[in-house]
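Please read this briefing alongside the sequence and the coordinates. It is arranged by topic.

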Amino acid sequence: MAARWTDGLSGRALTVGLVVATVLTSAVSLWLGMSLYDRHETEMRRQDILGAARQSALNFTSLDYRHYDRDSGNVLKGATGDFKKQFTAQTAQLTKLVAENKSVSEGQVLDAGIVRSDARSARVLVVADSKVTNTAVPNGEARTYRLQLDLVYRGGRWLTSDVEFVG
């Protein structure tokens, strides 16, 4: 009778051990899955932010007097807040100035990096080069821009809310 009791006890212990191992394995798998998902979401957000900042900087540094309405419209499509208001307010004056000087600016983004970001906002530093030609410099002049862009997430898109030239 003692042998049956110990056999039953070791069977129960084995069953309990298997249940505990299954629960622990499931918990660890769930935790790893959630961690991987969070990392993926963070990387996707990071790529979206950098893509929006690069495009905004490219639009901002690529303006041509022959189709300035389209080019300035591209800047405004990716803009919001104070930046959009300021750029809109200056568009008429800039249109006249760009046309008078026959200005063409061909931008190229060299690098971009996120300073900080969360789910709703980001700050990005962008380095861009631009070849500028106009009536004063018909053969062109190279310019390098260091821009700080503040972005906000609105309507499923990252939009530029502020642009500053930085040293």
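The points below cover a helix pair, the nonpolar core and several single residues. The model is predicted. Helices H2 and H3 pack against each other, with axes that come within 11 Å. The largest nonpolar core has 25 residues, and helix H1 gives the largest share of them, 5 residues.

**Helices H2 and H3**

- Helix H2 spans residues 68-77 and helix H3 spans residues 81-101; their axes cross at roughly 165°.
- Angles over 145 degrees count as roughly antiparallel, so H2 is roughly antiparallel to H3.
- The hand of the H2 and H3 crossing is right-handed.
- On the H2 side, the contact is made by Tyr68, Asp69, Ser72, Val75 and Leu76.
- On the H3 side, the residues met are Phe83, Lys84, Phe87, Thr88, Thr91, Leu94, Thr95 and Val98.
- Sorted by class, the contact of H2 with H3 consists of 7 nonpolar, 4 polar and 2 charged residues.

**The largest nonpolar core**

- Val124, Val126, Leu149 and Leu151 are the residues that touch the most other members of this 25-residue core.
- Three helices, H1 (2-61), H2 and H3, each give two or more residues to the core, as do strands E2 (104-117), E3 (121-133), E4 (141-154) and E5 (157-165).
- With neighbours within four places in sequence left aside, valine 126 contacts Ala53, Ala57, Val109, Asp111, Ala112, Tyr145, Arg146, Leu147 and Leu149.
- In soluble globular proteins, nonpolar side chains tend to be buried together.

**Tyrosine 65 and lysine 102**

- Tyrosine 65 sits in the loop between strand E1 (63-64) and H2.
- The relative accessible area of tyrosine 65 is 29%, so the residue is partly exposed.
- Beyond its neighbours within four places in sequence, tyrosine 65 is in contact with Val98, Ala99, Lys102, Ser103 and Val104.
- Tyrosine 65 and serine 105 are 40 residues apart along the chain, and their C-alpha atoms are separated by 9.0 Å.
- Lysine 102, one of the contacts of tyrosine 65, belongs to the loop between H3 and E2.
- Lysine 102 has a relative accessible area of 47% and is therefore partly exposed.
- The phi angle of lysine 102 is near 50°, a positive value in a residue other than glycine.
- Most residues other than glycine have a negative phi.

**Leucine 14 and asparagine 74**

- Leucine 14 is located in helix H1.
- Leucine 14 counts as exposed because its relative accessibility is 55%, and the cut-off for exposed is over 50%.
- From leucine 14 to aspartate 69 the C-alpha separation is 76 Å, with their positions 55 residues apart in sequence.
- Aspartate 69 is also one of the H2 residues that meet H3.
- Asparagine 74 is part of helix H2.
- At 26% relative accessible area, asparagine 74 is partly exposed.
- The C-alpha atoms of asparagine 74 and asparagine 59 are separated by 6.3 Å, and the two residues are 15 residues apart along the chain.

Conventions. Residues numbered from 1 in each chain as written. Predicted model: local features only at pLDDT ≥ 70, side-chain atom pairs only at ≥ 80, totals over all residues. Heavy atoms only, no water. Axes fitted to C-alpha atoms, helices over the stretch in contact; angles between N-to-C directions. Helix = DSSP H or I, 4+ residues; strand = E, 2+ residues; numbered from the N terminus. Parallel < 35°, antiparallel > 145°, perpendicular 65-115°, else oblique. Left-handed = near helix turned anticlockwise from the far one by under 90°. Contact = heavy atoms within 4.5 Å. Nonpolar A, V, L, I, M, F, W, Y, C, P; charged D, E, K, R; others polar. Core = buried A, V, L, I, M, F, W, Y, C linked by side-chain atoms within 4.5 Å. Buried < 20%, exposed > 50% of the residue type's maximum accessible area, 1.4 Å probe, protein only.
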